[in-house]
Amino acid sequence: MSAQCYSPGLDGIPAAQSGISYIDGQQGVLEYRGIRIEELAEKSTFLETSYLLIWGELPTGEELDAFQHDIRYHRRIKYRIRDMMKCFPESGHPMDALQASAAALGLFYSRRALDDPIYIRDAVIRLLAKIPTMVAAFQLMRKGNDPVQPRDDLDYSANFLYMLNEREPDPLAARIFDVCLTLHAEHSMNASTFSAMVTASTLTDPYAVIASAVGTLGGPLHGGANEEVIMMLEKIGSVENVRPYLEKCLERKQKIMGFGHRVYKVKDPRATILQSLAEQLFEKFGRDEYYDIAIALEKAVEEKLAHRGIYPNVDFYSGLVYRKLGIPTDLFTPIFAIARVAGWLAHWKEQLAENRIFRPTQIYIGHHNRSYVSVDERPGRSL
Ligand code: ACO
């Protein structure tokens, strides 16, 4: 292999063939299994969309009922997992708590039968059902409260908000939250999906696959950016400070959080939908103080960076929606993970169907033919 083949960050290198989602970054198009994200956001639900992503087709009425029923049935988590989570430090980040809890599921469901469609379905159901319960449980436990049990009479998103806030959510809030999950459910090849696929390719269990993807999603250049956006808006503090703040960042070559994307060179279509969801929430529950700052920042960034294809990405407006729903900032990324479990599972299933273990090469740029020097003969070195 020659040095010319090397592409840092694997930029532009296909790592898989996939039929799950499609992005046209120049036109701002995102499709799940061929259906535009705008249509799914308007007409579908997160669970129906998850089924579409994982099994490739929209479910029939019967299939959807069975899928929803089974997910309701499996929402509870074992008391030993709750006890384990109670031992997590309350100062720990909820993404770390989620990664550890997701991995722990593998201890309790240890049978591994990757060629058995019933095993695959059970794992899909368990992960979609239990991840939200674990996120909500950690949130209550770190405040010193006992987790609340899921409510079987509530839909997926309403139940999550109920478990989180210990009260039934407003129907508009629950519907908007469900749309947010749909928007975040899948996004073709990206760092966490790649991580899930590499782990899947070793034929390990699906809980390890999801745990490794959760760990990857947590970084500030990936899913963690939604949290950083709110911190940035807080730091900017006022519309008047938007331009000086931006100038300073550009001068120091600092990234503006929530902007830019490896693939989209126009505004991310999910950012457009999220902005309109935020506006619906503001209309019903009052405007967020940071929204004017966000709009002014989008305008200022557009003036400065649009010629380089840098526009708002999915993380720019999602934080404002979650803030209005009363969700703490450090739960934004775990919520992203709740949604993305659907996409990761779809890629897990696709990977298993045509598996070959990932084993890329590297270009060695280190030394050769050096001699070992004993410790007392080594020259001093400041580290
Ligand atoms: N603010 C300012 N400049 C930017 C930004 C930004 N948000 N994003 C990219 N640029 C500039 C870079 O400084 C770089 O300039 P240079 O060529 O002069 O060095 C150029 O655009 C290319 O940037 P890269 O980081 O190399 O682009 P890449 O495709 O690798 O990165 C990424 C994409 C990581 C998303 C980047 O845009 C970024 O760090 N954005 C901020 C963090 C963020 O919002 N992440 C969430 C992404 S969406 C998601 O993961 C769910």
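This is a short chat about how the two domains of a predicted model meet.

Student: Where do I start: how is the protein chain divided?

Tutor: Domain bounds come from an automatic or database assignment. Here, domain 1 covers 45-221 + 330-353, and domain 2 covers 225-324. Taken over C-alpha atoms, their centres are 27 Å apart.

Student: And how many residues does each domain bring to the contact?

Tutor: For contact, look for heavy atoms within 4.5 Å. Domain 1 brings 19 residues and domain 2 brings 23.

Student: What area is buried between domain 1 and domain 2?

Tutor: Think of buried area as accessible area that two parts lose on being put together, summed over both. In this model that comes to about 1800 Å², with 68% of it from carbon and sulfur atoms. On the domain 1 side, Leu 183, His 187 and Phe 332 lose the most area, together 35% of what that side buries.

Student: Which side chains meet in a salt bridge?

Tutor: Check for a Lys or Arg side-chain nitrogen within 4 Å of an Asp or Glu carboxyl oxygen. Asp 170 and Lys 284 fit, at 3.0 Å from N to O. Across the interface of the two domains, the rule finds one salt bridge. There are also six residue pairs in polar contact between the domains, counting pairs with both residues at pLDDT 80 or more.

Student: Which helices supply the domain 1 side?

Tutor: Helix H8 (171-184) and helix H16 (332-353) each supply at least two residues. H8 gives the largest share, eight residues. By class, that side of domain 1 has eleven nonpolar, five polar and three charged residues.

Technical notes. Residues numbered from 1 in each chain as written. Predicted model: local features only at pLDDT ≥ 70, side-chain atom pairs only at ≥ 80, totals over all residues. Heavy atoms only, no water. Buried area = accessible area lost by both parts, 1.4 Å probe. Polar contact = N/O pair within 3.5 Å; in protein donor to acceptor, adjacent residues only side chain to side chain. Helix = DSSP H or I, 4+ residues; strand = E, 2+ residues; numbered from the N terminus. Nonpolar A, V, L, I, M, F, W, Y, C, P; charged D, E, K, R; others polar.
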